[in-house]
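Grab a pencil and work through these exercises one at a time. Try each task yourself before you read its solution.

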Amino acid sequence: MAKHFQRKGRRFLGVNLQGWIRGFFGGNAALSIVILFLICAFLVKEAAMFFPQHHRGLELYRKTGQEYVGHLIKEVDEYTILVSATNQAYYQELDAGYGAQRGVVDSSGGIMDALEDEGDDLIGELEDALDDFEDEPDDPEIAAAYKKAQENWKAFARETIAGLDRKEVDSFGRLEGHDGQWEALKEAMVDWDPVEGDPTPFVAKAKAEMAAGMSEFDAARIELGSAGNTLKDLKNKLVAEASQIKKEAVEDMSAAARKAAILEGSKKLATEEERIAAVAEAEKIVIRESFPFAEKTAAFGESFEAHESAANELKEKLVAAVAKLPSDFKSQAAAELIVGVKERTPDFIEKLDESVEEASQWKWDAPLGFWGSTMKFFFGRDWVTNSSWHDFYGLLPLITGSLLISLIALAVAIPFSIGAAIYVNRLASRYEQTFIKPAIEMIQAIPSVVLGFFGIMVLGEGLRELSQIGALSWVPGFPMQERLNIINAGLLLALMAVPTIFTLCEDALNNVPRSYSEASLALGASKLQTVTKVVVPTAISGILAAVLLGLGRIIGETMVVLLVAGNKIAIPDFGEGLGVIAQPAHTMTGIIAQEMGEVSAGTLHFRALFLVGLVLFTISLMINVAAQRIIKRLGHA
Amino acid sequence: MNDSSSTLDSADAPEVASNEPIISIDNLSFSYDLGSTNTLRDISLEIPAGKVTAFIGPSGCGKSTLLRCLNRMNDLVDTAKVTGGSISILGQDINAPDVEAIELRKHVGMVFQKYNPFPKSIYENVAYGLRVQGIKNKSVLDQAVEESLQKSALWDEVKDRLDSSALGLSGGQQQRLCIARAIAVKPQIVLMDEPCSALDPIATARIEELIAELQEDFTIVIVTHNMQQATRVSNRTAFFYLGELIEYDDTSKIFGNPTRKQTEDYVSGRFG
Amino acid sequence: MPEETPSTNPFQATSSKRKVKDRIGTVIFACFTYFVLACALFIFGKITYDGAPVLFTSEAPFINTKFFTESPQTLVEFTNGAGELIRMDQTDFTVFKEENPDVTINDEHTFSYSGGGIAGPLVGTALLVLVCMVVSLFIGVAAAIYLSEYAKKGKLVSAIRLAIMNLAGVPSIVYGLFGFAFFCLAPWFPVFTYEVNAETTIGAFKIPLTDGYLSFQGWGNSLLAGGLTLAVMALPVIIAACEESLKAVPGGFREASLALGATRWQCIRTAVLPYAAPGILTASVLGVTRVAGETAPIMFTAAVADKAKMPWQDAQGSGVFWFSDMLTQSVQALPYHIYTVSARLPAHEAINDMRYGSVFVFLILVVGFAMTSVVLRARYRNKLKW
């Protein structure tokens, strides 16, 4: 019997047309796996090459003695923080106590500048007239001319001073509320002698008052500022030496490669003579078996004692100077700063001792473990690039910034998005639902660069102005110093996270079976009670997944943090408690966006950025997988 | 596809001797979950050509599943699997590896429970089957469309608006259009899966009349949960229960004098 | 037993305290919701308030045409002899100085990218989106067809779904890194060129009958690399959107088609795709719009701050060489331009027009597209009920 229903159509490579079409679609779908694999592969490839390169860099850092000198640099940096806090307090106190005098002195400078700028010709004339007059003081004509020049100058000065913009001269507003002083200064400056250039008696008096009132503080601050001079000098000397060693070592290491390059290049040269010259030049390059680190860095080993004594000197002088700092202040800010300095001084001394001890442990040939150099990346506290000294690649400040901003954003976004989801899904009227849902979806469409722009132009300034209001000074971090900071970025990211969390949350609430809430309502519970006691607990895993996906979205967000977070690569100072939110920070996404465009492929810096990308990728992947697990468990429950 | 037009040629269509069964099912077992549980167990029956055969039974008894096995629509379910036995149509085992479900379906048409015309014109709906078989000749299409619509008793109602949307027709008309669409490709067998369940009594009556007329040209297998309908339209009736064939005989026998107790209980309305 | 107080209504609200609590709770939730909306509205409002005056003028044609027809250039600010503050574009300033050699110019300041208009960035963004749309729609629709029409449950399909889900969570900057390493730096993507770069790894092949080569030298920072990076990023969104649209086509259409002997592909082509197409298009436009608003993926794959000519004007050669050269040009892009003027230039009042103007245009474009597709989608969903 004839066979029916048999396959028809041509086959190619054993697969018919339908099979090929199916394969085509399947291939496109499988592309997503390929892309995910490629993303992993490219990140891992660059990141994996980072570690050995980074390890060699750190080895060199140790061998050249830079590691040892690094301790001194840190010590001096810490000390400088104390000094600048004291100086800041000094000027605050000066403003509080002698603001008017300082204003007079500053403004007199401004007026002098203005007079000198605009009265250039007149001053010349005056000088000439004076010269003539001094040469021949008895000539009545010359005396008259001199007098005339003086009168001209005075008239000019009076006119110019009258036309001055007070705001421009007194740009810090120190004379605000001291109108009498301002008028007196203007009057006094008319008599200013531009040839001698000495300050007028009025100004000199203000100066003297300032000096007299602040003399004790000034002396203490200068003493404090000079306490570390020995250590600073030692540091500068050692930095120069270590830099030199590093330069030599790097040249030495590349010697073989340079020689090879010149020899290679010489083959392409046109004439025999050029070739001979090039080869001769190449021969001049000495290739050493190994660089004599021990010999070169011997001086560092010998400086341990000098270091210790410099540190001791600093300690003694610092303690003495701190004791001399005044304790009564007119300025609240100055009082706080000085209290801070006094509190931190023992910490500083303790750290200094530790640092000196650690520095003395340094040996150029102490082995550096691979694990150690790897940890230096993940837990390194510095991210310093393009430095003439040494580039540090430490993830800690970046990851801290990223996490801090994300957590703040999440903390703000959670109540709003979940609250809105509950409201729209259970409490709102039909009419409200029809416009709230698409409106929140629209928020998702706002490009992140636009939000960042808004943060720079509007929110930053707005927040700072808000923070200046006295009644709000109890809020942590208020008043703010910076416009671009963690809280600004956090608030904008919160707005970005709201649509994501809202949408997923609403889905989760939708999935709660109607029978549950009906049962609750039938038992006499109110709408709100039903929502909080039945619906939300049932949907809790869906809500959790929504929050996680929201976190994934904000931790990977780039433009807002790049524009708004302040881009300061340092671990925020948690000493201020919640006030940390007013500090600027940098993030993992931000650093890639900021620096990627400026590095060349294959350098350590380039690979470090890829490694940061890999860390970011891993974090978001983990968040995503966690959210999927939660959703899956929900599905099976 | 290259020579698919020949399938329309009745001379080329497989012939069956009138006494031969057109479909014979032999010990068929079928599972929706790769064999863990069998939805159909050891079904054997032979369906004669040129007759109307009804499958009846309570819901979930497997009657629709068996119907969908006949044109391998169950292929669409990933985990569906014939776990034993065979189905032969026109003497060919339809689950044999060299049988193409697409070729099979050209010979075994199907009408679904919920009428499902495409959101196209009436003409295009009827011509759809021919078009996918590669027929482009306008006069052939015109002729086939008219013939099918006449056979399905719809021609007079729609001949003036062949180009208007099929979705504008009433439910009964839409289902008759679906029948016209199914018979336009000239299958030997037409499977009907509860074709009237979504229709009102008047539309149902029209479809039943139509089935009686179509019987002259096609072998019809109809699944129904309506026992009166089975008595009205079918020559033979098979009663299924829990995936097994309980009884299969002439319709008059099944409803008048069933051999099995279960059949009697069911047709007399004691369960189901 | 007769009731003591038969007149009381047993269903009367008893606990007024509970009612108040309920009310307060609802109001709090409503406040959360409307506060979010108010924030969004404020952002729109503020940007519109400051941006619209840049775009519209009080006299005919009421639109600042220059802003849309010129590319960004340097802005010069100075005070003239009369003490008036004047701002003009660098090119105008050069002409002005030539024409008025005696005019006094004091306090001259220049601001990069802050003069002219945003034609270059607009065109660049449009081209990037075009490349992204073509590629991601092609691959996305095909992948969605596979997942929704062909795929059977199995390891491959769950792996594909897992990959798509995870791709959706990858940060945009990581896409940027990937695009940079894969499309820009990797020396294997082919271009048609007249000059052969010695650094190619795979090599260049002379094309017969022309002076040019097919050179596998990589694309560098280019329109193509940026568009493809965006496409890769849009893919998960597009696949999800397309699958949803395909799933919305009733199964009865497929059954009817297959029962008539249609092949899978015939069934998809004639009984599924035509009815899913409008949904696919609107949803994909929404997806692509979101991606088009991103800056991070194009920062180092395509965008440059400064480019005098449009890509097609800069491209060399003719035919396929011209086309290849155009696709491998770097472009200006609106989001990158906004980043440049708002974050990389120090704050100054002279820049504000450019800042607010371009942000306003960008916001209107992105939100406008998104809103249109949301409205179309809603309308289309209402219209098609089968």
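**Exercise 1. Which residues is Q316(C) in contact with, leaving aside its neighbours within four places in sequence?**

Step 1: Contact means heavy atoms within 4.5 Å. With that rule, the list for Q316(C) is F321(C), W322(C) and D325(C).

Step 2: Now place the residue. Q316(C) sits in the loop between α11 (311-314) and α12 (319-327) of chain C. Helices here are DSSP runs (H or I, at least four residues), numbered from the N terminus.

Step 3: Try a distance too. From Q316(C) to M326(C) you go ten residues along the sequence, and the C-alpha atoms are 7.9 Å apart.

Before you go on, a word on the model: it is predicted, so local features need pLDDT of at least 70 and side-chain atom pairs count only at pLDDT 80 or more, while totals for chains, interfaces and linings use all residues. Residues are numbered from 1 along each chain as its sequence is written, chains are lettered from A and ligands numbered from 1 in the order in which they are written, and side-chain values use heavy atoms, with hydrogens and water left out.

**Exercise 2. Check the span of helix α8 (residues 229-253) of chain A.**

Step 1: The expected span is 1.5 Å times one less than the number of residues. For the 25 residues of α8(A) that gives 36 Å.

Step 2: Compare with the model. The end C-alpha atoms of α8(A) are 36 Å apart, which agrees.

Step 3: Look for buried residues (under 20% relative accessible area; exposed is over 50%, partly exposed in between; 1.4 Å probe, protein chains only). Among those of α8(A) are L231(A), L234(A), K235(A) and L238(A). The buried residues of α8(A) pack against α1, α2, α9 (255-266), α11 (293-296), α12 (298-302) and α13 of chain A.

**Exercise 3. Where does α14(A) bend?**

Step 1: Helix α14 (residues 332-360) of chain A has 29 residues and reaches 42 Å from first C-alpha to last, close to the 42 Å expected.

Step 2: A bend is the angle between axes fitted to the seven residues ending at a residue and the seven starting there. In α14(A) there is a bend of about 35° at R344(A), and a proline, P346(A), follows within four residues.

Step 3: Check its packing. Buried residues of α14(A), including I338(A), V341(A) and F348(A), pack against α2 (66-118), α7 (201-226) and α13 (304-324) of chain A.

**Exercise 4. Compare three salt bridges: where are their partners, and are they buried or exposed?**

Step 1: Use the rule: a side-chain nitrogen of Lys or Arg within 4 Å of a carboxyl oxygen of Asp or Glu. That gives 42 salt bridges over all chains.

Step 2: E46(A) and R607(A) pair at 3.3 Å, N to O. They link helix α1 (residues 17-63) to helix α25 (residues 604-636) of chain A, 561 residues apart. Both E46(A) and R607(A) are buried.

Step 3: D191(A) and K154(A) come to 3.8 Å between their closest N and O atoms. D191(A) is in the loop between α6 (179-190) and α7, K154(A) in helix α4 (residues 140-162), 37 residues apart. D191(A) counts as exposed because its relative accessibility is 52%, while K154(A), at 38%, is partly exposed.

Step 4: E223(A) and K324(A) pair at 2.7 Å, N to O. E223(A) lies in helix α7 and K324(A) in helix α13 of chain A, so the pair ties together parts 101 residues apart in sequence. E223(A) is partly exposed at 24%, and K324(A) is partly exposed at 44%.

Technical notes. Helix = DSSP H or I, 4+ residues; strand = E, 2+ residues; numbered from the N terminus.
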